[in-house]
Every structure is written in C-alpha cells, then in structure tokens.
Amino acid sequence: MLAVSVFLPWYGVSLTASGTAYFQQVTDTVVTQWGNAGLQSQLGAANARVGGLAGHQLATLSGHQALKYTSIVLLALGGLAFVLALLRLVDSPGLPSAEGSSIVGLGVLASICVLFRMGEPPSAPGQLAEYFSLSLHYGAWLALISSLGVVLGSVRPRTVSPGAGSERDGQNVWAELSGWTPDA
C-alpha cells in the first residue's frame with residue numbers, strides 16, 4: 001500500500017485570495033490596454049467567477065508529481081519491505097533470512113519521510129507560493145497508515161514455526177479432508 005499511495009493524490013492545490021486578486025489585476029490591465037466593450041464584458045464576468053475560487057481546490061498532485069526524490073525513496077522502501085516480509089514468511093534454507101528488525105527500520109524510515117512531507121509540503125517556485133496553497137489529501141494519509149502498518153506488522157511475533165505444515169504426509173491430509181482412510 002505504501003508504494004501504491006505514492007501515485008494517489010497527496011496535495012490539493014487551491015487558489016489563495018492574493019492569487020485571485022493578482023488574476024483580477026492582470027485582466028484589468030489587459031482590458032485597459034487592449035480592451036473594447038466586448039472584451040471588457042467577457043473579462044469582467046471572468047473576474048467575478050475567479051473571485052469565488054479563492055480557497056476552493058482546483059487540482060490535486062500525487063506524491064509522485066509533488067515529491068521528486070521522496071517518492072522514489074518511498075517506492076524503494078515499500079518494495080524492499082515487501083520483499084523482506086516475503087523472505088521472512090518463506091524462511092527457506094536456500095534463501096537468506098529476513099530479520100524483523102530490518103523491516104521495522106524500513107517502516108520507521110518510511111514513516112519519517114511521510115511525516116516530514118506532511119508537515120513540510122513542497123513549496124511552489126518563486127512567487128507562485130503566494131498565489132497557490134497546498135492542503136493534505138488522502139494519499140498522504142494512506143502512506144502514513146501503510147508505513148506504520150509495516151512497522152506494526154514486523155514487530156508482531158511469528159506464531160507459525162517454519163516447517164510446521166511439512167510434518168504431515170499426503171495420506172493424513174486426505175484422511176482429514178474426506179474422512180476416508182485407505183484399507184491397509
């Protein structure tokens with residue numbers, strides 16, 4: 001879920017009051033320089049509509065769009081935690097074993113990255129930060145929940161010992177499933 005959450009909306013983009021005022025100022029300047037009566041009426045109606053957009057969400061940005069390097073780090077951490085969790089489940093003699101503490105470390109690192117980006121969202125370049133604002137969206141919350149899930153899932157003790165299911169032979173399994181036992 002951590003890797004999937006990177007591609008979901010993390011931030012909502014809204015126009016600020018100063019952004020609407022700037023747009024209205026620019027359209028007023030255009031009208032006074034090149035405007036005729038038709039253009040003045042068109043842009044006057046547009047100014048009225050833009051004034052009502054202040055504070056309303058215009059678009060969303062996914063974690064992948066908004067977070068250049070953090071999204072790659074989160075994808076790598078999510079994938080690595082998934083592979084290590086599978087290795088921990090398999091616990092085969094030919095494969096390297098995965099310690100729960102290494103998975104906890106990956107989850108904690110992912111949680112720190114997500115919390116940092118929730119508290120310090122990326123800023124728009126230059127003066128755009130004055131005209132647009134970002135608000136948290138559900139993708140960021142899903143990333144936080146899934147990174148904490150990695151931590152909690154890896155500290156939970158294993159209840160099934162490796163090889164517990166291999167002690168049965170095929171004949172006992174068939175007898176348990178069907179109730180029929182072969183005559184010897």
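In strand β3, the bridge partner of G12 is S135. G12 also stands opposite T60 in β2. These pairings belong to a predicted model. Strand β1 covers residues 9–15 and pairs with β2 in the antiparallel sense. Five bridges link β1 and β2. Among the partners across β1 and β2 are P9 and S62. Five bridges also join β1 to β3, and these two strands run antiparallel.

The three strands form an open sheet in the order β2-β1-β3. The pairing in the sheet is antiparallel. Strands β2 and β3 stand at the edges, each with a single partner strand, so one side of each lacks a neighbour in the sheet. From one strand to the next, the twist averages 30 degrees. Strand β2 spans residues 57–62, and β3 spans residues 132–136. Burial of β1 is extensive: seven of its seven residues are buried.

The sheet is set within a chain of nine helices and three strands. Along the sequence, the elements follow the pattern α-β-α-α-β-α-α-α-α-β-α-α. The chain has 184 residues, and buried residues make up 30% of them.

Helix α5 runs through residues 68–90 and has 23 residues. From its first C-alpha to its last, α5 reaches 34 Å. That span is close to the 33 Å expected at 1.5 Å a residue. The buried residues of α5 are T70, S71, L74, L77, G78, A81, L84, L87 and R88. An α-helix has 3.6 residues a turn, so residues three or four places apart point the same way. The buried set of α5 includes L74, L77, A81, L84 and R88. V83 is also found in α5. This residue has 44% relative accessibility and therefore counts as partly exposed. The C-alpha atoms of V83 and I103 are separated by 9.6 Å. Along the chain, V83 and I103 are 20 residues apart.

Helix α8 covers residues 138–155, with 18 residues. From first C-alpha to last, α8 reaches 26 Å, close to the 26 Å expected at 1.5 Å a residue. Its buried residues are G139, A140, A143, L144, S146, S147, V151 and S154.

Helix α6 comprises residues 100–119, and M118 lies within it. At 13% relative accessibility, M118 counts as buried, because the cut-off for burial is under 20%. The C-alpha atoms of M118 and W141 are separated by 8.6 Å. M118 and W141 are 23 residues apart along the chain.

A nonpolar patch lies on the surface. Its area is about 320 Å², and its members are L53, L58, L128 and F132. L58 lies in strand β2. With 44% relative accessibility, L58 counts as partly exposed. The strand that carries L58 is one of the two edge strands of the sheet. F132, another member of the patch, has a residue number that falls in β3, which spans 132–136.

Note on methods: Residues numbered from 1 in each chain as written. Predicted model: local features only at pLDDT ≥ 70, side-chain atom pairs only at ≥ 80, totals over all residues. Heavy atoms only, no water. Patch = residues over 30% accessible without salt bridge, like charges linked within 9 Å, V, L, I, M, F, W, Y side chains within 5 Å. Areas by Shrake-Rupley, 256 points an atom, 1.4 Å probe, with all protein chains shown as cover. Salt bridge = Lys/Arg side-chain N within 4 Å of Asp/Glu carboxyl O. Helix = DSSP H or I, 4+ residues; strand = E, 2+ residues; numbered from the N terminus. Buried < 20%, exposed > 50% of the residue type's maximum accessible area, 1.4 Å probe, protein only. Pairing = 2+ DSSP bridges. Axes fitted to C-alpha atoms, helices over the stretch in contact; angles between N-to-C directions. Expected span 1.5 Å × (residues − 1).
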